[in-house]
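Here are some questions about how certain labels come to be applied to a protein model, each answered by setting the value beside its definition.

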Amino acid sequence: CLPYFLGRGTPDWNDAARGIFANISLNTKKEDFLRALVESISYEFANGIGLMQKHVRIEEIFVNGGLSNSKVFDQILCDTLGLLVTKIGKSDATACGAFLVALKALDPTTDLSKAFEKMHHPEDRESFIPDNEREKQYKKLQKKMNDWYVRNYARAGFL
């Protein structure tokens with residue numbers, strides 16, 4: 001799957017990119033489509049994190065809301081990245097972030113780390129540890145997806 005149903009964001013911001021499901025047969029089930037979509041989204045995360053890792057060391061990813069409400073997605077993301085993934089809190093990351101920004105604006109001496117810890121209790125955390133074998137498999141599939149994207153959009157003159 002190429003998950004570009006609204007174009008591609010990072011790293012090349014390609015509005016012409018389109019979503020594609022490939023290798024479909026009459027035996028393909030809706031679960032297969034969903035799995036392919038979730039995996040391709042995790043590959044896109046990995047593309048972005050890979051760019052960041054060229055400049056800064058990343059050991060752990062924190063997630064909240066959206067797809068992170070799925071433990072299956074969290075584990076797939078973890079395995080794709082080969083990094084510890086920790087889900088913190090409920091689906092309230094935006095509201096918590098806005099609150100922390102407001103808190104700092106109202107009191108510049110505020111320790112944001114302490115405020116963050118008070119908002120997120122230990123029972124609201126769940127960590128996912130990468131599986132090395134799945135990581136190797138996902139890296140191969142991520143490369144296939146990226147190669148397919150470049151071949152098809154470069155040939156069409158979009159890159």
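Two strands pair if DSSP finds at least two bridges between them, and the elements themselves are DSSP runs numbered from the N terminus, helices (H or I) having at least four residues and strands (E) at least two. This is a predicted model, in which local features need pLDDT of at least 70 and side-chain atom pairs count only at pLDDT 80 or more, while totals for chains, interfaces and linings use all residues. Residues are numbered from 1 along each chain as its sequence is written, and side-chain values use heavy atoms, with hydrogens and water left out.

Q: What makes E1 and strand E2 a pair?
A: Because 4 bridges join E1 to E2 (residues 84-88), the requirement of at least two is met, and the two strands run parallel. Within E2, Thr 86 is the residue opposite Phe 62, and Phe 62 lies with Glu 60 on the uncovered face of E1 (residues 60-63), whereas Ile 61 and Val 63 form the covered face.

Q: Why is Trp 13 called exposed?
A: Exposed means over 50% relative accessible area, buried under 20% and partly exposed in between (1.4 Å probe, protein chains only); Trp 13 has 64% relative accessibility and therefore counts as exposed. Trp 13 is placed in the segment before helix H1 (30-53).

Q: Why does Asn 23 count as exposed?
A: Its relative accessibility is 79%, so Asn 23 falls in the exposed class. Asn 23, which also lies in the segment before H1, has a positive phi of about 65 degrees although it is not a glycine.
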